[in-house]
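Biologist: I am new to this structure and would like to go through it slowly, one question at a time. Could we start once it is in view?

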Amino acid sequence: MSATGGAGAGHVVVVGAGIAGLAAAHRALQRGARVTVLEAAERVGGKLLPGEIAGVRVDLGAESMLARRPEAVALAREVGLTDRLAPPATATASIWTRGALRPMPKGHVMGVPGTAAALSGVLSDEGLARIERDADLPRTEVGDDVAVGEYVAARLGREVVDRMIEPLLGGVYAGDAYRISMRSAVPQLFQAARTHTSLTRAVREIQEKAAASGQTGPVFMGIEGGVGRLPLAVAASVRARGGEIRTGTPVTELRREASGTWRVAAGEHVVRADAVIVAVPAPAAAALLAAESPAAAAELRAVEYASMALVTLAYRRDGLALPDGSSGFLVPPVDGRTIKASTFASQKWGWIAREDPDVVVLRTSVGRYGETEVLQRDDAGLVDVSRHDLREATGLDATPLETRVTRWTDGLPQYPVGHHARVARVREHVAELPGLAVCGAPYDGVGIPACIASAYAAVDRIGGDPSATRDLTANPVQSLHGGAGE
């Protein structure tokens with residue numbers, strides 16, 4: 001495939017029809033390629049899954065996308081969803097900690113405050129006093145990478161990590177803040193830590209720069225009918241442009257032939273391509289790359305995943321009382337609760353409330369990295385623990401009209417310390433094979449814009465332009481806006 005596309009762009013096979021694979025297919029078609037997408041599942045969309053409960057359309061996977069990065073919103077507009085884009089009706093969230101629902105503090109970057117006062121009400125007096133010591137502490141070296149929790153605890157104390165950073169990062173990665181890479185997950189904090197002694201001063205500078213940039217508009221964006229509509233719209237656009245999407249077609253082998261073309265085997269079916277983009281989770285990518293790039297495959301096999309479940313509950317509105325104007329709450333693991341978050345979906349998204357004003361929809365999420373016991377419960381058990389925690393947090397004691405449990409086994413790749421270096425090594429090995437690229441959540445961020453940016457960089461790479469890939473490897477896409485409070 002040439003860098004500029006055109007009639008001679010050739011045939012590109014995309015393995016995987018999650019949002020990354022579909023975005024890659026969409027971009028490759030724009031560049032003039034002939035495109036075939038092969039997806040093992042019977043549907044497209046991956047972790048973006050539209051569904052329904054009590055007659056109301058909902059998301060059963062990811063429900064929002066970062067709007068401060070351009071890729072996701074721009075792609076939605078390109079595929080005809082402009083009129084369906086909808087910001088949250090409310091972005092006022094809480095933290096359920098120390099026995100009460102407490103307002104989510106403002107003035108922080110991924111839970112890291114610019115001043116101790118910013119976390120007043122969430123932290124204890126001792127925790128607030130510990131933050132004040134940051135200005136007097138000697139410099140904390142971060143080296144090539146450091147765990148978010150380790151660094152912040154050294155500067156501000158563990159309480160900031162345990163009651164602010166853990167629930168925020170847990171909502172994105174279902175991970176452990178004391179393992180997660182600051183360089184990969186919160187790159188703006190990592191860069192600040194390399195150039196500042198005081199972390200609180202660094203956060204204030206980040207906030208001042210953000211204010212000076214004049215960023216306006218919502219931090220997050222949803223889609224009326226659910227974010228799960230996005231992959232369906234992209235798939236429709238791919239097909240309308242002449243691309244082929246085959247679901248229920250697991251790729252079993254990937255080989256480069258002597259002629260330089262790629263042989264892609266899906267069972268008994270064989271497709272030949274000028275270029276291949278692998279847009280599947282790390283274990284599946286490792287299996288496909290094992291023959292042609294055993295070194296890349298070995299790196300990908302080392303990527304760990306966390307499992308989680310989403311419990312969606314529908315209630316009759318009559319007599320139901322939730323915290324007014326709240327989008328939901330996060331739960332620090334240190335408090336020993338089972339759920340890690342709850343979204344008051346009907347209050348967060350106006351379109352859900354309008355679908356049926358007599359129905360209220362809530363979601364809870366369960367499961368973090370290394371926390372497997374709770375996910376061994378059956379669906380009824382997960383509903384029970386969700387209802388118990390909701391009752392403890394909000395007083396909600398009504399019987400649901402309907403419940404749905406959606407399990408995402410090995411759904412979220414983990415970004416431990418050194419993740420950026422592993423990604424760089426994978427791409428170095430893959431670059432030795434002309435016409436091959438990888439993209440998706442294992443590499444450049446788990447959020448929707450990050451996956452799309454990764455896909456676009458992969459299309460550029462097979463077109464002969466590695467600059468976007470180099471930029472993503474050097475400057476990871478933050479998956480969550482630090483001051484969002486969601």
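Modeller: Please keep in mind that this is a predicted model. We can begin with the lining of the largest cavity.

Biologist: By class, how many residues of the lining of the largest cavity are nonpolar?

Modeller: The lining of this cavity is made by 14 residues, and Asp 59, Glu 63, Trp 349, Trp 351 and Ile 352 are those that lie nearest its centre. Sorted by class, three of the lining residues are polar and three are charged, while the number of nonpolar ones is eight.

Biologist: Which helix supplies at least two residues of the lining of the largest cavity?

Modeller: Strand S4 (56–59), strand S11 (220–223) and strand S20 (359–366) each give at least two residues to the lining. A helix does so as well, and that helix is H13 (350–355).

Biologist: What is the volume of the largest cavity?

Modeller: Searching the whole structure gives five cavities of 30 Å³ or more. For the largest cavity, the volume is about 70 Å³.

Biologist: Strand S4 came up in the lining, so which residue in S4 does Ile 53 stand opposite?

Modeller: Strand S3 (residues 50–53) pairs with S4 in the antiparallel sense, over four bridges. The two strands form a hairpin with two residues between them, and Ala 54 in the turn has a positive phi of about 50°. Opposite Ile 53, on the S4 side, stands Val 56.

Biologist: Strand S11 was also named, so why do S5 and S6 each have one side left without a neighbour in the sheet?

Modeller: The sheet is open and has three strands in the order S5-S11-S6, with antiparallel pairing. Because strand S5 (65–66) and strand S6 (85–86) stand at its edges, one side of each lacks a neighbour, and each has a single partner strand. Between S6 and S11 there are two bridges, and Ala 86 has as its opposite residue in S11 Gly 222.

Biologist: Are the residues on the two faces of strand S16 buried or exposed?

Modeller: Strand S16 (residues 275–278) has Ala 275 and Ile 277 on one side, with Val 276 and Val 278 on the other. Both faces are covered, and these four residues are all buried.

Biologist: Which residue in S22 is the bridge partner of Val 278?

Modeller: S16 runs parallel to strand S1 (residues 11–15), to which four bridges join it, and there Val 13 stands opposite Val 276. S16 is also joined by three bridges to strand S22 (residues 436–438), again in parallel. In S22, the partner of Val 278 is Val 438.

Biologist: Why does Arg 368 count as buried?

Modeller: Arg 368 sits in the loop between S20 and helix H14 (379–394). Setting aside residues up to four places away in sequence, Arg 368 touches nine named residues' worth of surroundings, including Ala 174, Pro 332 and Lys 340. A polar atom of its side chain lies 3.0 Å from the backbone oxygen of Val 331. Arg 368 counts as buried because its relative accessibility is 8%.

Biologist: With which side chain does the side chain of Ser 237 make a polar contact?

Modeller: Ser 237 belongs to helix H9 (residues 229–240), and Ser 237 is buried, its relative accessible area being 14%. Leaving out residues up to four places away in sequence, Ser 237 touches His 26 and Val 79. The polar contact, at 3.2 Å, is with the side chain of His 26.

Conventions
Residues numbered from 1 in each chain as written. Predicted model: local features only at pLDDT ≥ 70, side-chain atom pairs only at ≥ 80, totals over all residues. Heavy atoms only, no water. 1 Å grid on protein atoms, 1.4 Å probe; cavity = no way out; pocket = protein on both sides within 12 Å on 5 of 7 lines; lining within 4 Å. Points joined across faces, edges and corners; volume = space filled by probe spheres on them. Nonpolar A, V, L, I, M, F, W, Y, C, P; charged D, E, K, R; others polar. Buried < 20%, exposed > 50% of the residue type's maximum accessible area, 1.4 Å probe, protein only. Pairing = 2+ DSSP bridges. Polar contact = N/O pair within 3.5 Å; in protein donor to acceptor, adjacent residues only side chain to side chain. Contact = heavy atoms within 4.5 Å.
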